[in-house]
Amino acid sequence: MDLKTLHYVRSNYYITSYLREHSYWYKYLTRNPNSIQELEKETKEYFRLRPKDKMEDLEKRLMFIRQFMDILN
C-alpha cells in the first residue's frame, strides 16, 4: 500500500475499524490504491453513515418519541 493511501486510511477512524474486521481490503488497496473510493462506499454502508441511513435513523427516533407520547396521553 502506498504512503498516501496508508495515511488516508489511518486518518479515518471508520475506515481503520472496517479494515480491522475486513482485512481482505488490504490486498485490494495494495494492488490498486484507487479502490479507496470503493472502500469508503462500503465503510459508509457498513457503519450506516450515508444520508439515507441517517434519515432512517431519525425517522425511527421520531416514531419512538411519537409512540412514547401516545402512551403518556
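These exercises walk through salt bridges, a helix pair and one threonine in a predicted model.

**Exercise 1. Find the salt bridges of arginine 48, and say how exposed each partner is.**

Step 1. Start with glutamate 56. Its side chain meets that of arginine 48 in a salt bridge, at 3.3 Å from N to O.

Step 2. Go on to aspartate 57. Arginine 48 forms a salt bridge with this residue too, and the closest N and O atoms lie 3.0 Å apart.

Step 3. Check exposure. Partly exposed covers the range between under 20% and over 50% relative accessible area. Arginine 48 has 31%, so it counts as partly exposed. Glutamate 56 has 29% and is partly exposed. Aspartate 57, with 24%, is partly exposed as well.

**Exercise 2. Which residue forms a salt bridge with arginine 50, and is that residue buried or exposed?**

Step 1. Look for the partner. Arginine 50 pairs with aspartate 53, the closest N and O atoms being 2.9 Å apart.

Step 2. Compare accessibility with the cut-off. Buried means under 20%. Aspartate 53 has a relative accessible area of 1%, so it is buried. Arginine 50, at 28%, counts as partly exposed.

Step 3. Place the pair in its setting. Arg48, Arg50, Asp53, Glu56 and Asp57 are joined into one network by salt bridges that share partners. The structure holds four salt bridges.

**Exercise 3. Describe how helix H2 packs with helix H4.**

Step 1. Locate the helices. H2 spans residues 13–21, and H4 spans residues 36–46.

Step 2. Read the geometry. The axes are 10 Å apart and the packing angle is about 90 degrees. Angles of 65 to 115 degrees count as roughly perpendicular. H2 is therefore roughly perpendicular to H4.

Step 3. List the contact residues. H2 supplies Tyr14, Ile15, Tyr18, Leu19 and Glu21. H4 supplies Leu39, Glu40, Glu42, Thr43 and Tyr46.

Step 4. Sort them by character. Six are nonpolar, one is polar and three are charged.

**Exercise 4. Is threonine 16 buried or exposed, and which residues beyond its sequence neighbours does it contact?**

Step 1. Place the residue. Threonine 16 lies in helix H2.

Step 2. Apply the cut-off. Its relative accessibility is 16%, so threonine 16 counts as buried.

Step 3. Set aside neighbours within four places in sequence. Threonine 16 is then in contact with Val9 and Arg10.

Conventions. Residues numbered from 1 in each chain as written. Predicted model: local features only at pLDDT ≥ 70, side-chain atom pairs only at ≥ 80, totals over all residues. Heavy atoms only, no water. Buried < 20%, exposed > 50% of the residue type's maximum accessible area, 1.4 Å probe, protein only. Axes fitted to C-alpha atoms, helices over the stretch in contact; angles between N-to-C directions. Helix = DSSP H or I, 4+ residues; strand = E, 2+ residues; numbered from the N terminus. Parallel < 35°, antiparallel > 145°, perpendicular 65-115°, else oblique. Contact = heavy atoms within 4.5 Å. Nonpolar A, V, L, I, M, F, W, Y, C, P; charged D, E, K, R; others polar.
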